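Subject: Structure handover

Hi,

Here is the structure for your next round of work. Please open it alongside this note. My findings follow below.

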Amino acid sequence: MPNNNMPDLSTPILEVTDIEKHYPLGRGLIGSLLSQPEQIVRALDGVSFSIKNGEILGLVGESGSGKSTTALSVLGLTTPTKGTITFDGENVIEALKGSKRLAFRRKMQMIFQDPYEALNPRQTIYQIVSEPLEVHNITRDKTEKRERVIEALSQAGLKPPENFFDRYPDELSGGQRQRVVIAAALILRPQLLVADEPVSMLDVSIRAEILNLLRQLRDDHGISILYITHDLATAGFFTDRIAVMYLGRIVEIGTTVDILQHPKHPYTRALISVIPAPNPRNRRERVILQGEIPNPTNIPSGCRFHPRCPVAIDDCRKIDPQLLPIAGVHQTACIRADEKLPDKT
Ligand SMILES: Nc1ncnc2c1ncn2[C@@H]1O[C@H](COP(=O)(O)OP(=O)(O)OP(=O)(O)O)[C@@H](O)[C@H]1O
Ligand SMILES: [Mg+2]
């Protein structure tokens, strides 16, 4: 693994191009009798982004915006209805069908939300962390296994590693358990970690600790991270770039500074307005969005955000805005992006 403090941000390791994931729900008996059209959940409706080597990208949005569906697609655990995903130069779906699928799979690892559910309570920490070596046919040699377990536990900040070998998950704190989950991913020496709400189940006091650990892994080993969260505040603290999702689309993407300091999309602005500001004088007026994220079987016409948008105009009902550049890598999908909108939006 490369060991440089300046990650190479020039080469994309992951490229997601225009993916859609549609779940047909069927018509049901009444629908069939009335010849109604089949209902389709548009969980992802044209999502594109890339992650560079050693980059941390945040994917932020409300519940139901399609974050986990994106994660599952990236990992090849669900097949998009349309679009392509390329990881380390290979099409993910094809690579996972091929003879080298195990070697390919180990390059991308998932960190789950719930460290209580992710760990088998009947296995020791040594068994849990060493198991991927067996599953991936990496080694059965005892000494090598032990060295790799020590390395992974140390990288995950569980020190001294030997003290954890014979312990069981229920003897550990939530933060320590999440470190074990991270160690079990690191033992495969992945190039990308997909972390879906990795700290939301943890005590607030240890969230920053775990995110700092993940960032350290990026700094020390150049690991790229896709960080999924509904919480723009932790994304702001932890990521290099942020993509904001709404109802199956990315509506704004840019550097973390672009998104937090110069948000253009009214949805992003609303999310930022409810982050508690450390200095109350800098607090923006809170924008409380009306209603909930609509049902993805019935996506609003024009801009999908218009029914909840505080600055929607007539055209927003008709025009489906595409992601367009603002400046540099900053892009947003709003027909009013160039206007100076009132501060409370
Ligand atoms: N297997 C499925 N069948 C039908 N609909 C699904 C399926 N999986 C997800 N969906 C729907 O797709 C939409 C996106 O779901 P997804 O889990 O990706 O959202 P999310 O952003 O991760 O939400 P959360 O923050 O609650 O985890 C939701 O409306 C969800 O109900
Ligand atoms: Mg989710």
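Which residue of S2 does Gly26 stand opposite? Gly26 stands opposite Gln39. Keep in mind throughout that this is a predicted model.

**The four-stranded sheet**

That pair belongs to the pairing of strand S1 (residues 12-26) with S2, which is antiparallel and runs over 11 bridges. Another pair across these strands is Glu15, which stands opposite Ser50 in S2. S1 is also joined to S4, by 5 bridges, again antiparallel. Here Thr17 stands opposite Thr84 in S4.

Put together, 4 strands make an open sheet. Their order is S2-S1-S4-S5, with antiparallel pairing. S2 and strand S5 (90-91) are the edge strands, and each pairs on one side only. For background, strands of a sheet pair through backbone hydrogen bonds, either parallel or antiparallel.

Helix H2 lies across S1, S2 and strand S4 (82-87). H2 runs at about 120° to S1.

**Ligand 1**

How many residues surround ligand 1? There are 13. The closest are Ala43, Ser63, Lys67, Ser68 and Thr69. Two elements give two or more residues to this shell: strand S2 (39-52) and helix H2 (67-74). H2 gives the most, with 3 residues. So S2 and H2 turn up twice: H2 lies across S2, and both contribute to the shell around ligand 1.

By residue class, the shell divides into 8 polar, 4 nonpolar and 1 charged.

**The eight-stranded sheet**

The other sheet to look at has 8 strands. It is open, and its pairing is mixed. The order is S6-S7-S8-S3-S9-S10-S12-S11. Strand S6 (108-111) and strand S11 (324-327) stand at the edges. Each has a single partner strand, so one side of each is left without a neighbour in the sheet. From one strand to the next, the twist averages 20°.

One parallel pairing in this sheet is between S7 and strand S8 (residues 224-229), over 5 bridges. Ala195 has Tyr227 in S8 as its bridge partner. H12 packs on the sheet and touches S9 and S10. The direction of H12 makes about 110° with that of S9.

**Helix H12**

Why is H12 described as largely enclosed by the rest of the structure? The helix covers residues 266-273, and 6 of its 8 residues are buried, so the description follows. The cut-off for buried is 20 or more other C-beta atoms within 10 Å. The buried residues are Pro266, Tyr267, Thr268, Arg269, Ala270 and Leu271. They pack against helix H10 (232-238), strand S9 (241-246), strand S10 (249-255) and helix H11 (256-261).

**The core**

The largest nonpolar core holds 79 residues. Val129, Ala183, Leu226 and Val244 touch the most other members. Helix H8 (residues 174-186) supplies the largest share of this core, 7 residues.

Val244 links back to H12. Leaving aside neighbours within four places in sequence, Val244 is in contact with residues including Tyr267, Thr268 and Leu271. Its other contacts include Val60, Gly61, Ile250, Val251, Glu252, Ile259 and His265.

**Backbone points to check**

Most residues other than glycine have a negative phi, and most peptide bonds are trans. Three places depart from that pattern.

- Lys159 and Pro160 are joined by a cis peptide bond, with omega about -10°. Pro160 sits in the loop between helix H7 (142-155) and H8.
- Asn137 is not a glycine, yet its phi is positive, near 55°. Asn137 sits in the loop between helix H6 (125-135) and H7.
- Glu197 also has a positive phi, about 50°, although it is not a glycine. Glu197 lies in the loop between strand S7 (192-196) and helix H9 (204-221).

Are Asn137 and Glu197 buried or exposed? Asn137 has 9 C-beta neighbours inside 10 Å, so it counts as exposed. Glu197 has 20 C-beta neighbours inside 10 Å, so it counts as buried.

Best wishes

Technical notes:
Residues are numbered from 1 along each chain as its sequence is written. Chains are lettered from A and ligands numbered from 1 in the order in which they are written. This is a predicted model: local features need pLDDT of at least 70, side-chain atom pairs count only at pLDDT 80 or more; totals for chains, interfaces and linings use all residues. A residue is near a molecule or strand if its C-beta atom, placed from the backbone, lies within 6 Å of it. Ala, Val, Leu, Ile, Met, Phe, Trp, Tyr, Cys and Pro count as nonpolar, Asp, Glu, Lys and Arg as charged, and the others, Gly among them, as polar. A residue is buried if 20 or more other C-beta atoms lie within 10 Å of its own, exposed if 12 or fewer, and partly exposed in between; C-beta atoms are placed from the backbone. Two residues are in contact if their C-beta atoms, placed from the backbone, lie within 7 Å. A nonpolar core is a set of buried Ala, Val, Leu, Ile, Met, Phe, Trp, Tyr and Cys residues joined through C-beta atoms within 7 Å. Two strands pair if DSSP finds at least two bridges between them. Axes are lines fitted to C-alpha atoms, for helices over the stretch in contact, and angles run from 0 to 180 degrees between N-to-C directions.
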